[in-house]
Amino acid sequence: MTAAQQDNDPGTGEVSASDVAAAAGRLAGHAVRTPLLSIADLDALTGARVFLKAETLQRTGSFKFRGAFNRIAQIDAAHTPGGVVAFSSGNHGQAVASSARQFGLRATVIMPSDAPAIKIELTRGHGAEVILYDRLNEDRAAIAGRIVRERGAILVPPYEDRDIIAGQGTIGLEIVEDLRARGLTPDIVLSCCGGGGLVAGIATAVSAAAPAAKIYSVEPEQFDDTARSLAAGTRQSNAPGAKTICDAIVTPTPGEMTFAINRRLLAGGLSASDAEVKRAIVYASRQLKLVVEPGGAVALAAVLAGKLDIAGKTVVVVLSGGNIDTALLSEILAAA
């Protein structure tokens, strides 16, 4: 196996708390240690003590920077002339482009042609070559694989990779540490879920440091494959043609590696409708003064809609990203 092939192999097996700690060391001084925010109105509304992990304030506007940087920091740029390749609806692409630029690596990102314009623009702004594809008729993984082979590049996948999962897990590490500084431990942690890398990383870190905590994935109603997979015990797929405004977390089925972790560590899966997500976006804008994208608002939507009994608990809700198209944000706020 060549060095490039080894770098393209995400490996198998579990992600450990020590992997997350190592990722935290690499990210120190590069990623933002995002705040845990609390608001009296939300506590009163839910009867719980709710904290919001504002990854909307992370570099490139979402949690994705953590995993991408942790993966790319371990690539030998001198022996990777083809750079890195990623496929993404936007947030992972931006994170890969930004991280690659810091290490002097070329970045190529395959994005759906119907991705929000702001995400395409920002990905290019971070220096990436963007290749657009038709998500209904073309296979993004196949396109990425071809470019990797032709250029001798390295694939940086969005979630099926130990280093990506470990990087996202630093969110869970920070949650536990920042609550501990307040004399608290988390009872419940809710995170959005697409392919499952974010919630798998968070669950890995939180369960190691606070084993009594319950971690839940939250998905759009039409893309609740992780919730259904957890209930069934095997990976389930979403219906072809399903639609949601939560573009950042649209995946056909849970990742194999991520589901193996989530099946072991998660307490369950929840979902929220597009209408509930829109209400959460409005709430975040008006009450929190934060811009949250649809995919980043699903966990807050589940809390506001009462999808889980959290009364009397210490609860952490991850706001995973804020890269929303300005026209869509204006439309949602105007309608409210």
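# Exercises on a predicted protein model

In this predicted model, helix α13 is followed by Gly306, a residue whose phi is positive, near 70 degrees.

## Exercise 1: Helix α13

Determine how many of the residues of helix α13 are buried, and which ones they are.

Solution. Begin with the extent of the helix, which runs over residues 294-304 and has 11 residues, 10 of which are buried, so that α13 is mostly covered. Next, name them along the chain: the buried residues are Pro294, Gly295, Gly296, Ala297, Val298, Ala299, Leu300, Ala301, Ala302 and Val303. Finally, look at what comes after the helix, where Gly306 has a positive phi near 70 degrees.

## Exercise 2: The nonpolar cores

Find which residues have the most contacts inside the largest nonpolar core, and then list what Val317 is in contact with.

Solution. The largest nonpolar core has 70 residues, and those with the most contacts inside it are Leu190, Val277, Leu300 and Val317. When neighbours within four places in sequence are left aside, Val317 is in contact with Val50, Phe51, Leu52, Lys53, Leu190, Ala299, Leu300 and Val303. Apart from the largest core lies another core, of 24 residues, among them Leu27, Ala31, Ala68 and Val96.

## Exercise 3: Leu52 in its strand

Decide whether Leu52 is buried or exposed, and say which residues it is in contact with.

Solution. First place the residue, which lies in strand β2. Its relative accessible area is 1%, and because buried means under 20%, Leu52 counts as buried. Leaving aside neighbours within four places in sequence, the contacts of Leu52 are with Pro35, Leu36, Leu37, Leu42, Leu288, Leu300, Val317 and Leu319. As a last step, compare the chain with space: Leu52 and Arg71 are 19 residues apart along the chain, and their C-alpha atoms are separated by 26 Å.

## Exercise 4: Thr314 and Ser16

Classify Thr314 and Ser16 by their relative accessibility, after finding where each of them is placed.

Solution. Thr314 is placed in strand β10, which covers residues 314-319. At 10% relative accessibility, below the 20% limit, Thr314 counts as buried. With neighbours within four places in sequence left aside, Thr314 is in contact with Arg49, Phe51, Leu179, Leu184, Thr185, Pro186, Asp187 and Ile188.

Ser16, in turn, is placed in the loop between α1 (3-7) and α2 (17-27). Its relative accessibility is 28%, and because this value is neither under 20% nor over 50%, Ser16 counts as partly exposed. From C-alpha to C-alpha, Ser16 and Arg286 are 39 Å apart in space, while in sequence they are 270 residues apart.

## Exercise 5: Positive phi outside glycine

Examine Thr60 and Lys289, which have a positive phi without being glycines, and decide for each whether it is buried or exposed.

Solution. Phi of Thr60 is near 65 degrees, and this residue is found in the loop between β2 (49-54) and α4 (64-72). Thr60 has a relative accessible area of 14%, and therefore it is buried.

Lys289 has a positive phi of about 60 degrees, and its place is the loop between α12 (274-288) and α13. At 64% relative accessibility, which is over 50%, Lys289 counts as exposed.

## Exercise 6: What covers α10

Name the buried residues of helix α10 and the elements included in their cover.

Solution. Helix α10 takes in residues 225-232, and its buried residues are Asp225, Thr226, Ala227, Ser229 and Leu230. What covers these buried residues includes β8 (214-220), α11 (256-265) and β9 (268-272). After the helix comes Gly233, whose phi is positive, near 85 degrees.

## Exercise 7: The whole chain

Explain why the radius of gyration of the protein chain agrees with that of a compact globule, and then describe the chain as a whole.

Solution. For 336 residues, a compact globule would have a radius of gyration near 20 Å, and because the protein chain has 19 Å, the two agree. Along its principal axes, the C-alpha trace spans about 55 × 45 × 40 Å. The secondary structure of the chain comes to 14 helices and 10 strands, and 56% of the 336 residues count as buried. Turning to contacts between residues at least 6 apart in sequence, 74% of them join residues at least 24 apart. The accessible surface comes to about 13200 Å², of which 51% belongs to carbon and sulfur atoms. Lastly, the chain has 32 positive and 34 negative charges, whose mean positions are 3 Å apart.

Note on methods
Residues numbered from 1 in each chain as written. Predicted model: local features only at pLDDT ≥ 70, side-chain atom pairs only at ≥ 80, totals over all residues. Heavy atoms only, no water. Helix = DSSP H or I, 4+ residues; strand = E, 2+ residues; numbered from the N terminus. Rg over C-alpha atoms; globule rule 2.2 N^0.38 Å. Buried < 20%, exposed > 50% of the residue type's maximum accessible area, 1.4 Å probe, protein only. Contact = heavy atoms within 4.5 Å. Areas by Shrake-Rupley, 256 points an atom, 1.4 Å probe, with all protein chains shown as cover. Lys, Arg positive; Asp, Glu negative; His and termini not counted. Charge placed at Lys NZ, Arg CZ, Asp CG, Glu CD. Core = buried A, V, L, I, M, F, W, Y, C linked by side-chain atoms within 4.5 Å.
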